[in-house]
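User: Hi! I have a structure open and could use some help reading it. Can we start with the ligand?

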Amino acid sequence: MYRINTNYQKLPGSYLFSTIARKIAAFTEANPDRPVIRLGIGDVTQPIAPAIIEAMHKAVDDMADASTFHGYAPDLGYEFLRSVIAQQDYQSRGCSIHADEIFISDGAKSDSGNIQELFSADCRIAVTDPVYPVYVDSNVMAGRCGEYDQETQTWSRVIYMPCTRENTFVPEFPKETPDLIYLCIPNNPTGTALTRAQLQEWVDYANKNGALIIYDAAYEAYISQPDVPHSVYECSGAQTCAIEIRSFSKNAGFTGVRLGFTVVPKELSCGGVSLHDMWARRHGTKFNGAPYIVQRAGEAVYSPEGKEQIKKQVAYYMKNASAIKQGLKENGYTVFGGVNAPYIWLKTPEGMTSWEFFDFLLERANVVGTPGSGFGPSGEGYFRLTAFGSYENTLAALERIAKL
Ligand code: MLT
């Protein structure tokens with residue numbers, strides 16, 4: 001008789017954004033005359049930039065002609081995309097990353113969920129708290145997190161590194177030594193970032209303790225301050241202790257197109273085994289490559305026109321971020337983030353829990369955000385708003401909040 005992976009049964013409730021989607025659906029069904037403004041999930045709203053659309057159209061035409069048709073993509077990604085990434089995202093910033101260390105995928109969510117497969121089941125993971133839920137949930141599914149304590153909302157084998165206003169959202173080195181350290185900079189959900197000097201300390205810590213950093217840089221395009229690093233490889237020694245995950249969702253609006261990549265440096269090895277070879281083996285076995293049309297779209301992100309157009313899009317969302325931050329402050333809220341990331345992290349008012357504030361905002365203002373506690377126990381008492389809405393909706397949401 002077959003048996004299931006019982007680790008799935010340990011997961012409490014459903015995936016955070018699925019729970020929120022269900023709550024919105026129930027509210028909308030009960031209140032069809034009260035349109036909801038969604039500033040919850042970090043999903044983009046602006047259309048794909050013209051230079052990228054043009055490249056996609058051309059790639060579609062390529063598929064219509066036998067001489068330019070493309071079948072299975074190389075499972076590690078097309079050279080044309082891997083080399084432009086290596087040059088523009090890394091070498092231009094002084095990082096010694098080469099095309100053959102870049103693995104193209106269908107997005108950062110898949111990669112950040114899958115990467116844990118390379119590691120032993122007894123590895124201890126450390127996460128900043130609050131944290132993007134995929135890191136913990138995917139490790140729970142693999143049986144790496146121990147038991148869940150409903151009361152403290154923590155997993156017995158996960159090392160939590162609280163990031164709150166008290167430590168200015170900068171994680172401290174944990175008392176227990178982790179094997180795998182997840183860092184998302186700029187951070188989802190708090191919208192805060194680390195400086196290059198602070199990240200260097202983490203790289204040194206990982207190298208000293210034989211730990212691996214899984215560095216999620218999905219929000220890199222939103223960095224506005226010069227001392228915030230765009231890549232972990234800007235820190236010396238990162239090539240021997242860090243894997244970096246990137247997305248095209250937030251910089252180029254590919255949430256519905258799907259494209260991302262992971263950098264596994266060739267220098268990374270564990271007990272003489274190359275992590276690069278392991279990830280290549282995994283890709284070769286379980287993945288047939290991101291579609292040609294989508295990889296051509298990704299290439300256009302790096303064209304002069306593409307870069308110019310997506311820069312404007314990022315600026316559009318960051319204008320929303322400033323408006324949210326300013327508007328909330330004027331209404332007496334305590335707010336963080338929104339400078340190097342498209343997320344605003346606010347203290348819930350009047351001691352409300354995160355979910356109480358979620359319900360209050362939905363019921364009273366018909367505005368949806370994301371409860372901080374959904375990202376981990378230290379997120380309790382906080383709430384996240386995304387800057388990815390349209391400017392009009394963002395202002396309308398602020399007006400409704402101001403009337404509360
Ligand atoms: C979020 O809202 O945290 C993100 O959109 C989720 C994701 O990127 O998968």
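User: Which residues surround the ligand?
Analyst: Happy to help! This is a predicted model, and in it the ligand is surrounded by Ile41, Gly42, Asp43, Lys109, Tyr132 and Asn188.

User: How do the residues of that shell divide into nonpolar, polar and charged?
Analyst: The shell has 2 nonpolar, 2 polar and 2 charged residues.

User: And where does the ligand lie relative to the domains?
Analyst: The ligand lies between domain 1 (12-47 + 307-402) and domain 2 (53-304), because both of them give residues to the shell around it.

User: OK, how many residues of each domain are in contact with the other?
Analyst: On the domain 1 side there are 31, and they are in contact with 39 residues of domain 2. Helix H11 (304-330), strand E13 (335-337) and strand E14 (343-347) are the elements that each give two or more residues to the domain 1 side. H11 gives the most, with 6 residues.

User: What about that side by class?
Analyst: The side of domain 1 that touches domain 2 has 16 nonpolar, 11 polar and 4 charged residues.

User: New topic: what is the strand order in the open sheet?
Analyst: Its 7 strands follow the order E2-E10-E9-E8-E7-E3-E6, and the pairing is mixed. Strand E2 (102-105) and strand E6 (159-162) are the edge strands, each pairing on one side only.

User: How do E3 and E6 run, parallel or antiparallel?
Analyst: Strand E3 (residues 125-129) and E6 run parallel, joined by 4 bridges. Val127 stands opposite Tyr160 in E6.

User: And which strands does helix H4 lie across?
Analyst: Helix H4 (residues 79-90) lies across E2 and strand E10 (260-263), and runs at about 125° to E2.

Notes: Residues numbered from 1 in each chain as written. Predicted model: local features only at pLDDT ≥ 70, side-chain atom pairs only at ≥ 80, totals over all residues. Near = placed C-beta within 6 Å. Nonpolar A, V, L, I, M, F, W, Y, C, P; charged D, E, K, R; others polar. Domains from an automatic or database assignment. Pairing = 2+ DSSP bridges. Contact = placed C-beta atoms within 7 Å. Axes fitted to C-alpha atoms, helices over the stretch in contact; angles between N-to-C directions.
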